[in-house]
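Reader: I would like a close look at a single part of this model, namely the pairing of oppositely charged side chains. Please go through it carefully and say where the partners sit.

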Amino acid sequence: MFKFAGILLLMAGCIGLGFNKVAEEKRRIRELREIRRMVMRIQSEMAYGKRTLPEICLLFGQCMEEPYRTAFLSAYEKFAENDGSGLDRIWKEELEDCMRGLPLRREEKDILCNLPAYLGSLDEKQQAADIGQSLDVLTARIAQAEAGYENRARVIMSVSVTAGIFVVILLL
């Protein structure tokens, strides 16, 4: 009886780990879409609203969801302090700190963290066009993640079930 209960619990644990990994993949796609939405809004605020990056941080700090809200508010406060730190450094520090727990790859996080690098030009339309390049990269990443999601989910689930069966056989 205890062996049977142990087998069931072991299989449930392995399958649960599989479900967790699949949910993490889905969350990654959702976060990529959120980042694309933010970059598109930054682009439009710069091009049409003629806003600066600190103003955009204040605006986003009031309307974004967590974890981005606190990062944008904190960046705005540091911009307002003006302690001599560079705009890019403050932006990168705050966003890297906020995206630490997100299921994104390093290069996907860098797209948003390195956004001020595209702001070298003083022309708002040129800045918006340069930011458009990161939008293209994000769109490609989202398409790639969505295309591979079904296959990855099937592989993850089959590996977790197979691992559970293997461990059960090994322990019998």
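Author: The count of salt bridges comes to 14, where a salt bridge is a side-chain nitrogen of Lys or Arg within 4 Å of a carboxyl oxygen of Asp or Glu. This is a predicted model, in which local features need pLDDT of at least 70 and side-chain atom pairs count only at pLDDT 80 or more, while totals for chains, interfaces and linings use all residues. Residues are numbered from 1 along each chain as its sequence is written, and side-chain values use heavy atoms, with hydrogens and water left out.

One of these pairs joins Arg33 to Glu146, with 2.1 Å between the closest N and O atoms. Because Arg33 belongs to helix α1 and Glu146 to helix α6 (residues 124-171), this salt bridge ties together parts that lie 113 residues apart in sequence; helices here are DSSP runs (H or I, at least four residues), numbered from the N terminus. Arg33 is partly exposed, at a relative accessible area of 41%, and Glu146 is partly exposed as well, at 34%, where buried means under 20% relative accessible area, exposed over 50%, and partly exposed in between, with a 1.4 Å probe and protein chains only.

A second group of contacts centres on Glu45, whose side chain meets that of Arg41 in a salt bridge of 3.9 Å, N to O, and that of Arg51 in a salt bridge of 2.5 Å, N to O. Arg41 and Glu45 are four residues apart in helix α1, and so about one helical turn separates them. In general, an α-helix has 3.6 residues a turn, so residues three or four places apart point the same way. Glu45 is buried, with a relative accessible area of 14%, whereas Arg41 is partly exposed at 27% and Arg51 is partly exposed at 35%.

Salt bridges also link Glu25, Arg28, Glu108 and Arg152 in a network. Side chains of opposite charge can pair when their charged atoms come close.

A charged residue type also appears among the buried residues of helix α4 (residues 87-98), which are Ile90, Trp91, Glu94, Leu95 and Cys98. They lie on the same side of α4, because they cover an arc of only 110° around the axis, the arc being that of the directions from the helix axis to the C-beta atoms. The buried residues of α4 pack against α1 (2-47), α2 (53-63), α3 (68-81) and α5 (106-113), with contact meaning heavy atoms within 4.5 Å.

Technical notes:
Helices (H or I, at least four residues) and strands (E, at least two) are DSSP runs, numbered from the N terminus.
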